[in-house]
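Here are my comments on the model you sent, set out as numbered points. Please read them with the structure open beside you.

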Amino acid sequence: MISIIDELETRAQKHPEKLLYSFLDTKGRAKESYTYQEFLDRVGSIAFHLHTTHRLTPGDRAILVYPPGLEMICAFFACIKLGVIPVPVYPPSAKGFHASAGMMGFIAKNCD
């Protein structure tokens, strides 16, 4: 069975400079983007950090608190690469901070 990481690595070998992701602003302009190789490099860097610094191993859960953007997608795929279960949540905002933080605490507790 081929994993999504295996497929990305295969495509990166064939087309390393081909655009994979672009994050657009409200006017449709690219704010940030990754080619296949840039994306895999960033995913690998995050996976290495999660494994060596936080000692995450397959089956662990990781709450990903990111605003919308490519960095959240990179962190999500880094978890997949490690076999860690990603749990993406929006970061608390200034408006409704306590409710948002409470919801994040509930999610964290529910994830162990």
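1. I would begin with the pair α1 and α3 in this predicted model, where the axes of the two helices come within 9 Å and cross at roughly 110 degrees. Because angles of 65 to 115 degrees count as roughly perpendicular, α1 is described as roughly perpendicular to α3. Two packed helices are described by the angle between their axes together with the distance between those axes, and for that reason both values deserve to be quoted.

2. Which residues bring α1 and α3 together? From α1 come Ile4, Ile5, Leu8 and Glu9, and these meet Phe77, Ile80 and Lys81 of α3. Sorted by class, this contact of α1 with α3 is made of 5 nonpolar and 2 charged residues, with no polar ones.

3. Staying with α1, its buried residues are Ile5, Leu8 and Ala12. They lie on the same side of α1, because the arc that they cover around the axis is only 60 degrees. On the other side of the helix, Gln13 and Lys14 are exposed, so that a reader who turns α1 about its axis can compare the two sides directly. As for what covers the buried residues of α1, the elements include β1 (19-24), α2 and α3.

4. A wider view is given by the largest nonpolar core, which holds 22 residues, and in which Phe39 and Leu50 touch the most other members. At least two residues of this core are supplied by each of α1 (4-14), α2 (36-53), β3 (61-65) and α3 (70-82).

5. Phe39 merits a separate look, and the question to ask is which residues it contacts once its neighbours within four places in sequence are left aside. Those contacts are Leu8, Leu20, Tyr21, Tyr34, Ile73, Cys74 and Phe77. Two of these names have appeared above, since Leu8 belongs to α1 and Phe77 to α3 in the helix contact already described.

6. Finally, for the protein as a whole, the secondary structure comes to 4 helices and 4 strands, which follow the pattern α-β-β-α-β-α-β-α when read along the sequence. The C-alpha trace spans about 45 × 40 × 25 Å along its principal axes, and 26% of the 112 residues count as buried. Among the contacts with a separation of 6 or more, 57% are accounted for by residues 24 or more positions apart.

Terms used: Residues are numbered from 1 along each chain as its sequence is written. This is a predicted model: local features need pLDDT of at least 70, side-chain atom pairs count only at pLDDT 80 or more; totals for chains, interfaces and linings use all residues. Side-chain values use heavy atoms; hydrogens and water are left out. A nonpolar core is a set of buried Ala, Val, Leu, Ile, Met, Phe, Trp, Tyr and Cys residues joined through side-chain atoms within 4.5 Å. Buried means under 20% relative accessible area, exposed over 50%, partly exposed in between (1.4 Å probe, protein chains only). Contact means heavy atoms within 4.5 Å. Axes are lines fitted to C-alpha atoms, for helices over the stretch in contact, and angles run from 0 to 180 degrees between N-to-C directions. Angles under 35 degrees count as roughly parallel, over 145 as roughly antiparallel, 65 to 115 as roughly perpendicular and the rest as oblique. Ala, Val, Leu, Ile, Met, Phe, Trp, Tyr, Cys and Pro count as nonpolar, Asp, Glu, Lys and Arg as charged, and the others, Gly among them, as polar. The arc is that of the directions from the helix axis to the C-beta atoms.
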